[in-house]
Amino acid sequence: MVVDERLYLRKLMSDDLKRFWELGYKEEAPEWKQWDAPYFPHRTMSYEQLLEKKETYVDQDDFYGIFVDDVLIGIVSYYWEYEPSRWLETGILIYDPVNRGSGIGLRALRAWIDYVFKAVPVVERVGFTTWSGNKPMMRVGEKLGMTLEGRMRKCRFYNGVYYDSIRYGVLREEWL
């Protein structure tokens, strides 16, 4: 799905896996992990291990790459928090720090939420969870017109500091 002249989202293909591995799983302590739930451990894997899980990433409806100028820089995804009640959450990760703060994540997540509401017609709400240490992601939720639906106070401990877990959501009728 084309977002603008430089930015598009699409399913990952086998040819994308090397770059995806280099961005997400090659390093022991990647820079992006400081923003993406750093209180959870990061697990590296070899490229061969990633290839064994290829079907998890390639040609999936719920997992797309974010491409800028034809280069993979991040991913968007959705997953069921609890499918029987149709509770769906979404996520975004911009691996490359050069592209953070440029509005790419905002534009990508806007396009992704559009896609999710079309691809999963039974869903009435799309949300995401972040933490109070990730102010840029909180601003993305606000700029998208999402509602701050939940704040679990001081439940994330990282680098000697307690942070809140933050949930944003938007209803189909609010979005459309």
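Let me start with the strands: in this predicted model, strand β2, residues 63-68, and strand β3, residues 71-82, run antiparallel to each other and are paired over six bridges. Within that pairing, Phe-67 stands opposite Leu-72 of β3. The two strands make a hairpin with two residues between them, and in the turn Asp-69 has a positive phi of about 50°.

If we now follow β3 to its other partner, we come to strand β4, residues 87-94, which pairs with β3 in the antiparallel sense over eight bridges. Here Tyr-82 has Trp-87, in β4, as its bridge partner. This hairpin has four residues between its strands, and Arg-86 is the residue for which a positive phi, near 65°, is found.

Let me turn to the interior. In soluble globular proteins, nonpolar side chains tend to be buried together. In this model the largest nonpolar core has 34 residues, and those with the most contacts inside it are Ile-66, Leu-109, Trp-112 and Ile-113. The elements that give two or more residues to this core include the three strands I have just described, β2, β3 and β4, and also helix α4, residues 104-119, and strand β7, residues 161-171. Of the contributors, α4 gives the most, with ten residues.

Which residues does Ile-113 touch, if we leave aside those up to four places away in sequence? They are Val-126, Leu-144, Met-146, Val-170 and Trp-175. Apart from the largest core there lies another one, of 17 residues, and among its members are Trp-21, Leu-23, Met-45 and Ile-75.

My last topic is the aromatic residues, which form 19 pairs in the structure. One of these joins Tyr-25 and Tyr-57 in a tilted arrangement, with 6.4 Å from centre to centre and 45° between the planes. Tyr-25 lies in the loop between α1, residues 17-24, and α2, residues 47-52, whereas Tyr-57 is in helix α3, residues 54-57, so the pair ties together parts that are 32 residues apart in sequence. Is Tyr-57 buried or exposed? Tyr-57 counts as buried, because its relative accessibility is 8%, and the cut-off for that class is under 20%.

Tyr-25 and Tyr-57 also belong to one aromatic cluster, together with Phe-20, Trp-32, Phe-63 and Tyr-95. Finally, there is a charged side chain to point out at a ring, since Lys-18 lies over the face of Tyr-47, at 4.4 Å from the ring centre.

Technical notes:
Residues are numbered from 1 along each chain as its sequence is written. This is a predicted model: local features need pLDDT of at least 70, side-chain atom pairs count only at pLDDT 80 or more; totals for chains, interfaces and linings use all residues. Side-chain values use heavy atoms; hydrogens and water are left out. Two strands pair if DSSP finds at least two bridges between them. A nonpolar core is a set of buried Ala, Val, Leu, Ile, Met, Phe, Trp, Tyr and Cys residues joined through side-chain atoms within 4.5 Å. Buried means under 20% relative accessible area, exposed over 50%, partly exposed in between (1.4 Å probe, protein chains only). Contact means heavy atoms within 4.5 Å. Rings of Phe, Tyr and Trp (its six-membered ring) pair if their centres lie within 6.5 Å; planes under 30 degrees apart count as stacked, over 60 as edge-to-face and the rest as tilted. A charge sits over a ring if NZ of Lys or CZ of Arg is within 6 Å of the ring centre and within 35 degrees of the ring normal.
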